[in-house]
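I opened this entry to keep a record of what I looked up in the structure shown here. My topics were the enclosed spaces, one strand and its partners, one core residue, and a few backbone details.

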Amino acid sequence: MGQEKPTCCVLDASTYAGFWILKRLLARGHLVHAAIRKDGESEMEKKIKEMMEMEEERLVVYDVDTLDYQSILSSLKGCNLVFCCLDSPSGYDEKEVDLEVRGAINVVEACAQTETIDKVVFSSSLTAAIWRDNIGTQKDVDERCWSDRDFCLKKKLWHALAKTLSEKAAWALAMDRTLNMVSINAGLITGPSVSQQNPNPTMSYLKGAAQMYENGVLAYVDVKFLADVHIRASEDSSSCGRYFCFDRIVNTEEEALKLLQSLSPLIPIPPRYEMQGAEVQEERLRNKKLSKLVEAGHAC
């Protein structure tokens, strides 16, 4: 007899990454709790509710407010694995930074208080690691690196600040509560209909894109691969800490154009001459940890 698959909660399942994690989990035969924003009416939320009618036995949808601790606890009941995918559908400003940090703390605390949960996979971003004064002089940018809070505040890099502070808060609380957690620090997320389904978070990520490009730290990842990495990290008992997750580093004019084309019409493609002449640094991002995780599982 095959071992029963663990019950999973994806919170927030209506984010772009969360939706694809949900789809992958269902395809693998998991029972899934899809926690979505209370009173949300986005395209993703409507799709999830339609999926619930087709997957009556394996998909349960919960309306959750990440500032309402009890609503989080309800969505986690009976779950073994949690995928925490917080993202602001309206993009990021100073207010959203605070809301995301508070939400992350509530989710991690709720996970720590739910006895059935074996592991939490926390979805973060490369922007939580690449922004500080000396990034252009550092040879290797890897999982040990963190974005500087004051630098992000000064430059009004709200996406980076939200991801940095929420991930740090999650890690501090998880360690204090001895909660088994890993984080996936994704590059810019690309994939099917990303310009229509994830426009504001995409634009928030890309604030300062020219500097990322010049410093060799602009990278992107396909959402399907990203979803599989999340699941692989949840399945591997040896996975730990942070994992940088990206498909490609953009450090040539050809790669930059390819990325822009994938995001059209959200981002207009500039005349070719505007992209020439920038002094591009060698790629600095390293993801050896991710390579080992993927090679060990052959699932991604």
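The notes below follow that order.

**Entry 1: cavities**

I kept in mind throughout that this is a predicted model. I began with empty space, since rolling a probe the size of a water molecule over the atoms shows where it is left. The search of the whole structure returned two cavities of 30 Å³ or more.

For the largest cavity I noted a volume of about 220 Å³ and a lining of 19 residues, with Asp 87, Ser 124, His 159, Lys 163 and Ile 189 lying nearest its centre. I then looked up which elements build this wall, and found that helix H1 (16–27), strand E5 (119–125), helix H6 (158–176), strand E7 (188–190) and helix H8 (199–205) each supply at least two residues of it. By residue type, the lining of the largest cavity divides into nine nonpolar, eight polar and two charged.

The second largest cavity has a volume of about 40 Å³, and I listed its lining as Leu 86, Glu 100, Phe 122, Ser 123, Ser 124, Lys 163 and Ser 166. E5 and H6 each give at least two residues to this lining, and the largest share, three residues, comes from E5. Here the division is two nonpolar, three polar and two charged.

**Entry 2: Phe 122**

I followed Phe 122 further, as it appears in the lining of the second largest cavity and has its place in strand E5. Is Phe 122 buried or exposed? I entered it as buried, because its relative accessible area is 3%, against a cut-off of under 20%. Leaving aside residues up to four places away in sequence, I found that Phe 122 touches Cys 84, Ala 104, Ser 166, Glu 167, Ala 170, Met 181, Val 182, Ser 183 and Ile 184.

**Entry 3: strand E1**

Next I looked at strand E1 (residues 8–11), whose two faces are both covered: Cys 8 and Val 10 are buried on one side, and Cys 9 and Leu 11 are buried on the other. This fits the general pattern that in a regular strand the side chains alternate between the two faces of the sheet.

Which residue of E2 is the bridge partner of Val 10? I found Ala 34 there, and noted that four bridges join E1 to strand E2 (residues 32–37), the two running parallel. The chain crosses from E1 through H1 to E2, and I recorded this β-α-β crossover as right-handed. Four bridges also join E1 to strand E4 (residues 81–84), again in parallel, and in E4 the bridge partner of Val 10 is Phe 83.

**Entry 4: backbone details**

I looked up the cis peptide bonds and wrote down the one from Leu 11 to Asp 12, with omega near 15°, where Asp 12 is found in the loop between E1 and H1. Another cis bond joins Ser 264 and Pro 265 with omega about 5°, and Pro 265 has its place in the loop between helix H11 (253–263) and helix H12 (288–297).

I also noted positive phi values in residues other than glycine, including Thr 178, with phi near 50°, and Ser 193, with phi near 55°. Thr 178 is found in the loop between H6 and strand E6 (181–186), and at 71% relative accessibility it counts as exposed. Ser 193 is found in the loop between E7 and helix H7 (194–197), and at 39% it counts as partly exposed.

Key
Residues numbered from 1 in each chain as written. Predicted model: local features only at pLDDT ≥ 70, side-chain atom pairs only at ≥ 80, totals over all residues. Heavy atoms only, no water. 1 Å grid on protein atoms, 1.4 Å probe; cavity = no way out; pocket = protein on both sides within 12 Å on 5 of 7 lines; lining within 4 Å. Points joined across faces, edges and corners; volume = space filled by probe spheres on them. Nonpolar A, V, L, I, M, F, W, Y, C, P; charged D, E, K, R; others polar. Buried < 20%, exposed > 50% of the residue type's maximum accessible area, 1.4 Å probe, protein only. Pairing = 2+ DSSP bridges. Right-handed = clockwise from strand over helix to strand, strands pointing away. Contact = heavy atoms within 4.5 Å.
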